[in-house]
Structure formats: structure tokens, C-alpha cells
Amino acid sequence: MDLGALSSGLLTGLREGVEAALIIAIICAYLAKTGNNRHFPTVLAGAGLAIGLSVVLGIVLYVSVGGLQEPYEQIFEAITLFAAAAVVTWMLFWMRRQARSVKGELQAAVDRALDEGSVLALAVLAFVAVIREGLETSLFLVGQANSADQNAIWILIGALIGLAIATVLGVGFYQGSRRINLATFFRWTGVGLIFIAAGLLSVGVHELIEINAIPFGGQTLFDLSGVLPHSADGGNIVGQFLRAIFGYSSTPEVLTFAVWLTYVVVVLYLFLRPMKPTAPATVGAPA
């Protein structure tokens with residue numbers, strides 16, 4: 001068992017799964033509160049369709065990468081890794097801005113669907129709410145699987161465990177029996193995902209250096225293979241763990257390390273800095 005790959009997939013599945021589970025829980029809790037429990041199957045059908053499409057997309061992407069030859073395989077892997085890092089970065093800052101208002105926006109959307117008398121609108125609402133999380137999860141997991149190579153199966157197993165935990169948390173949130181400090185949860189899992197995204201970004205740069213698509217920065221910056229090797233041949237579990245989660249390399253190139261360090265410093269600063277309070281709307285004086 002690759003503990004690093006398992007933990008990496010678990011964190012991704014838990015983070016994304018909790019967001020999707022809470023969205024569905026909020027919709028269902030509001031329907032129950034307004035006496036519209038009969039629409040639960042419609043909401044779950046929309047969510048299930050979104051999950052199914054996300055799984056299909058992830059499989060297609062992963063199989064497509066495995067069927068390419070050099071150097072196209074490295075190019076496609078690099079693009080996938082860059083896209084995964086970009087998506088998770090956007091998702092982190094979107095959630096940072098929208099966490100305070102997402103519940104009210106969902107309830108307003110449910111009200112509009114009920115007022116219009118459209119059961120299909122509820123299914124579409126659930127589908128749209130979940131498909132974003134599902135597509136992000138699929139893309140992110142494919143990026144992690146590409147960087148993990150033969151340990152990709154443990155990425156998938158970890159993600160499934162994380163999604164199962166997220167489902168339990170979603171049910172608990174709906175029933176009111178589980179209290180979660182969402183601000184703290186998203187803050188610390190967000191920090192973890194920043195380091196994971198930095199690893200994906202640096203591995204993508206390494207793939208391009210490997211095929212000479214980037215003609216500079218390929219010199220080895222340092223060599224820790226005698227102390228903390230990242231390969232399975234070294235027999236060091238800690239190095240393999242760091243490799244699977246954070247893209248660690250015991251022999252990083254100058255450019256890959258510079259990209260990793262720059263991303264971590266800049267994104268951590270932007271993510272952890274206090275948010276500016278929203279200015280109240282100014283009411284004009286009557287004529």
C-alpha cells in the first residue's frame with residue numbers, strides 16, 4: 001500500500017466531496033423545511049447524473065493519457081497537471097469568497113424552482129451544483145494519478161474513502177446531528193491542497209524539461225537521494241509519501257523547484273490573508 005498516494009486521494013475526495021455533499025444537504029434541508037420532501041428523488045437524480053458524467057470524464061482522460069506515445073504523452077500529462085493545478089487554485093479562491101453566501105443563494109434558487117412549479121428545475125439545480133465539484137475532482141485526480149504512475153490505484157482508493165466520509169458528513173449536516181466548523185475545515189484543507197497543486201505544477205514542468213520542450217532550468221539543484229529518495233527503489237517510505245502528495249523530488253531541477261516555491265509562497269499569502277469586509281451599499285438621499 002502506498003500511504004502517500006492514499007492520503008493524497010483521500011484529501012482530494014474529502015475536500016471536494018464535502019462541498020458537493022453540503023450543497024445537496026442544504027437543498028434537501030430547505031425542501032424538508034418547506035414541506036417539499038417529495039422532490040428529494042429529483043434532487044438526488046440530478047446529483048447522481050453529475051457524478052456519473054464526472055466519473056466518465058475522469059476515465060476518458062486517464063485512458064487517453066496512457067494511450068499516447070512520447071513525446072505526446074509527456075505533453076498531455078503536463079497539460080493535465082497544469083489544468084488540475086489551475087482548477088484547484090480557482091476553486092480555493094472561489095470558495096474563499098463565496099462560502100458566506102452560498103447557502104442563501106442555493107435557497108433562493110430552490111424558491112425560484114418551486115415558484116415556477118418545475119420539478120426539472122430542481123434536478124438541474126442539483127446537477128449544476130454538483131457537476132462543478134465532480135469535474136474538478138476528476139481533473140485533479142487524473143493529474144495526481146499521472147504524477148503517481150504505478151500507484152494511481154491508491155489515489156483512487158483514497159478518493160473513494162474521502163468521498164464516503166464526505167457523504168456521511170453530508171447526511172449528518174442534513175440531520176443536524178453533526179456540527180462542522182466549515183471555515184476551519186476549508187481553511188486547513190485548502191492549505192494542504194495548495195501544496196498538492198504546487199507539486200502537480202512542478203511535475204508538469206519536469207515533464208516538459210524531460211522532452212526538452214523547456215530548454216533552460218534543467219540542471220539538478222541538489223541531490224538528496226542518499227538521504228530522502230523519492231523512488232520506491234530507495235526504500236524510504238517518507239520520500240514516497242512526500243512524492244505522492246506534494247510532488248517531492250530528491251533531485252529537483254532548478255526550474256521545477258523555483259516554480260514550486262514561487263507558487264507556494266504567492267498562493268499561500270493570497271489564500272491566508274484576511275478578507276476585506278464588504279462595504280455596505282450606499283443609499284442615495286431622497287430628492
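A residue counts as buried when its relative accessible area is under 20%, as exposed when that value is over 50%, and as partly exposed in between. Keep that rule at hand, because it sorts many of the residues on this tour. Please also keep in mind that the model in your viewer is predicted.

**Stop 1: the whole chain**

Start with a cartoon view and trace the chain from one end to the other. You will meet nine helices and zero strands, so the pattern along the sequence reads α-α-α-α-α-α-α-α-α. Now switch on the surface. The protein exposes about 14900 Å², and carbon and sulfur atoms supply 67% of that area. Of the 287 residues, 45% are buried. Next, think about which parts of the chain meet: among contacts with a separation of 6 or more, 81% join residues 24 or more positions apart.

**Stop 2: Phe93**

Select Phe93, which you will find in helix H3. Is Phe93 buried or exposed? Its relative accessibility is 18%, so Phe93 counts as buried, given that the limit is under 20%. Show its surroundings and look beyond its neighbours in sequence: Phe93 touches Val267, Leu270 and Phe271. Try the distance tool on Val267. Phe93 and Val267 are 174 residues apart in sequence, while their C-alpha atoms lie 9.6 Å apart in space.

**Stop 3: the largest nonpolar core**

Here is a thought to carry inside. In soluble globular proteins, nonpolar side chains tend to be buried together.

Select Phe140, Leu193, Ile194, Tyr263 and Phe271. In the largest nonpolar core, which has 24 residues, these five touch the most other members. Which elements give two or more residues to this core? They are helix H3 (72-98), helix H5 (119-148), helix H7 (182-210) and helix H9 (254-272). Colour H7 in a bright shade, since you will be coming back to it. H7 gives the most to this core, with nine residues.

Now zoom in on Tyr263. Leaving aside neighbours within four places in sequence, Tyr263 is in contact with Ala85, Thr89, Ile194, Ala197, Ala198, Leu201 and Leu268. For a second, separate core, select Ile23, Ile27, Ala109 and Ala126, which are included among its 18 residues.

**Stop 4: Gly13**

Go to helix H1 (residues 3-33) and pick out Gly13. With a relative accessible area of 0%, Gly13 is buried. What is Gly13 in contact with, once neighbours within four places in sequence are set aside? The list is Val18, Ala159, Gly162, Leu163 and Ala166. Add Leu141 to your selection too: Gly13 and Leu141 are 128 residues apart in sequence and 8.6 Å apart in space, C-alpha to C-alpha.

**Stop 5: a nonpolar patch on the surface**

Turn the surface back on and select Ile153, Leu156, Ile157, Leu160, Ile161, Leu163 and Ile165. Together they form a nonpolar patch with about 550 Å² of accessible area. You have already met one of them, Leu163, as a contact of Gly13. Ile153 lies in helix H6 (residues 152-175). At 46% relative accessibility, Ile153 counts as partly exposed, because that value falls between the two limits of 20% and 50%.

**Stop 6: aromatic rings**

Select Phe195, Phe222, Phe257 and Trp260, which form one aromatic cluster. A pair of aromatic rings is described by the distance of the centres and the angle of the planes. The protein has three aromatic pairs by count. Phe195 and Trp260 form a tilted pair, with 6.3 Å from centre to centre and 50° between the planes. Phe195 lies in helix H7 and Trp260 in helix H9, so this pair ties together parts that are 65 residues apart in sequence. Both rings count as partly exposed: Phe195 has 24% relative accessibility, and Trp260 has 22%.

**Stop 7: along H7 and into the loop**

Stay with H7 and select Glu207, which lies in this helix. Glu207 is buried, with a relative accessible area of 11%. Not counting residues up to four places away in sequence, Glu207 touches Gln74, Glu77, Ala78 and Leu81.

Finish at Asn212, in the loop between H7 and helix H8 (237-246). Asn212 has a positive phi of about 65° although it is not a glycine. Is Asn212 buried or exposed? Its relative accessible area is 64%, so Asn212 is exposed.

Notes
Residues numbered from 1 in each chain as written. Predicted model: local features only at pLDDT ≥ 70, side-chain atom pairs only at ≥ 80, totals over all residues. Heavy atoms only, no water. Core = buried A, V, L, I, M, F, W, Y, C linked by side-chain atoms within 4.5 Å. Buried < 20%, exposed > 50% of the residue type's maximum accessible area, 1.4 Å probe, protein only. Helix = DSSP H or I, 4+ residues; strand = E, 2+ residues; numbered from the N terminus. Contact = heavy atoms within 4.5 Å. Patch = residues over 30% accessible without salt bridge, like charges linked within 9 Å, V, L, I, M, F, W, Y side chains within 5 Å. Areas by Shrake-Rupley, 256 points an atom, 1.4 Å probe, with all protein chains shown as cover. Salt bridge = Lys/Arg side-chain N within 4 Å of Asp/Glu carboxyl O. Phe/Tyr/Trp six-rings, centres within 6.5 Å; stacked < 30°, edge-to-face > 60°.
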